[in-house]
Amino acid sequence: MSVLSVAFALAACSPPPPPPPAPPLPPAIALAAGGSHTCAIVVAGSVKCWGQNDRGQLGNGTKVGSLAPVEVVGLSGVVELSAGGYFSCALLAGGSAKCWGNNGNGNLRNGTNASSAVPVDVIGITAATDISVGTYSTCALLAGGHVKCWGWNDSGMPGDGTSVALSAEPVDVVNLGGATQISSRSQHTCERLTGGTVECWGANGYGQLGDRTRTSSNVPVRVG
C-alpha cells in the first residue's frame, strides 16, 4: 500500500474534530435563577438566558432549550431581573417591566393567559423599583414603597386579603408603604421595610413566613 493510501485510510478512521467552543458570556452584572433556567443581565442592559425552554422562558422566540446563553429578543435598558418556575421578568430603566414564558395564571400580566416566547409589556406597572417572581405569581415594588402583585392566589400570594383564585389585575398588597425590597419564591413573598423589619405573605406550610405558625396568610405578617 502506498504512503498516500495509508494516509487516506488513517484519515477515514480518525474521529471528527470537536465542535468549536461556545462564545463566552459577556460580562454579567446581575443573575437570576429560575426552576430550570437561568438569565443574566449583560453589558448594555440586554439579557441572555439558558436552560429549559418548554414554555418560552428563554425569551428568544423559540421553545427549544439551550445549553449555552441565548439572547432574549428585544430587550434593552434592563436594570433588574427575576426568574420564576417557568417564566422571567425584567425591570427596565424608567420603571416599566416586561415578562416572558409561562402565562397560564396571568403572571405575565399582558391581558391574556397565553404563554409568550418573547418579552411582553406588563400592563399597569409604571414607576417600579423592583420586581420579583415566584412559581405562579409576580410582585412589583413601586415608588413610594407600595407593592402590587398578580397571578395565582390559592395561598394568598397577592397579599391583598382576598381568596380570589386568580388576580388578573395587579392588586395592592395590604401594607402601609415603606417597603424597600421584595423577594418572591414558589408561593410566598417577603418585603423588607424601612428600618429593616421584614413581612411575608402567602403559603406557610413549612413556616416560611416566619411568624411561628404554619398557617398561610393573604396579608403580610411580621417575621419574628
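Reader: How many helices and strands does the secondary structure of the chain come to?

Author: Helices (H or I, at least four residues) and strands (E, at least two) are DSSP runs, numbered from the N terminus. By that reading, the chain has one helix and 16 strands. Please keep in mind that this is a predicted model, in which local features need pLDDT of at least 70 and side-chain atom pairs count only at pLDDT 80 or more, while totals for chains, interfaces and linings use all residues. Residues are numbered from 1 along each chain as its sequence is written, and side-chain values use heavy atoms, with hydrogens and water left out.

Reader: What share of the residues of the chain count as buried?

Author: A residue is called buried when its relative accessible area is under 20%, exposed when that area is over 50%, and partly exposed in between (1.4 Å probe, protein chains only). Of the 224 residues of this chain, 46% count as buried. The accessible surface, from the Shrake-Rupley method with a 1.4 Å probe, where for residues only the protein chains shown count as cover, comes to about 10,600 Å² for the chain, and 61% of that belongs to carbon and sulfur atoms.

Reader: How is a pocket found, and which residues lie nearest the centre of the largest pocket?

Author: Rolling a probe the size of a water molecule over the atoms shows where empty space is left. On a 1 Å grid over the protein atoms alone, a pocket is an open set of points where a 1.4 Å probe fits, with protein on both sides within 12 Å along at least five of seven lines, and lining residues have an atom within 4 Å of a point. Grid points are joined across faces, edges and corners, and a volume is the space filled by probe spheres set on the points. Here the largest pocket holds about 150 Å³ of space, and among its 14 lining residues, Leu81, Ser82, Ile131, Ser132 and Ser183 lie nearest the centre.

Reader: Which strands supply at least two residues of that lining, and how does the lining divide into nonpolar, polar and charged residues?

Author: Strands S1 (28-33), S5 (78-83), S9 (128-133) and S13 (179-185) each supply at least two residues. With Ala, Val, Leu, Ile, Met, Phe, Trp, Tyr, Cys and Pro taken as nonpolar, Asp, Glu, Lys and Arg as charged, and the others, Gly among them, as polar, the lining divides into seven nonpolar, five polar and two charged residues.

Reader: What does Ser184 touch, beyond residues up to four places away in sequence?

Author: Contact means heavy atoms within 4.5 Å. Ser184, which lies in strand S13 and is buried at a relative accessible area of 9%, touches Ser132, Val133, Gly134, Cys139 and Thr189 when residues up to four places away in sequence are not counted. A polar contact is a pair of N or O atoms within 3.5 Å; within protein, one must be able to donate a hydrogen and the other to accept it, and residues adjacent in sequence count only if both atoms are side-chain atoms. The side chains of Ser184 and Thr189 make such a contact at 2.7 Å, and in strand S11 (residues 147-152), where Lys148 has its place, the side chain of Lys148 is joined to that of Asp172 by a polar contact of 2.9 Å.

Reader: Where do residues that are far apart in sequence come together in space, as with Ala140 and Ile182?

Author: Ala140 is in strand S10 (residues 137-142) and is buried, with a relative accessible area of 0%. The C-alpha atoms of Ala140 and Ile182 are separated by 7.7 Å, although the two are 42 residues apart along the chain. Similarly, His188 in strand S14 is 31 residues from Met157 in sequence and 5.6 Å from it in space, C-alpha to C-alpha.

Reader: Which residues other than glycine have a positive phi, such as Arg109 and Ser186, and where do they lie?

Author: Most residues other than glycine have a negative phi. Arg109, with phi near 55 degrees, lies in the loop between strand S7 (97-101) and strand S8 (116-121) and is buried, at a relative accessible area of 9%. Ser186 has a positive phi of about 50 degrees, lies in the loop between S13 and strand S14 (188-193), and is partly exposed at 35%.
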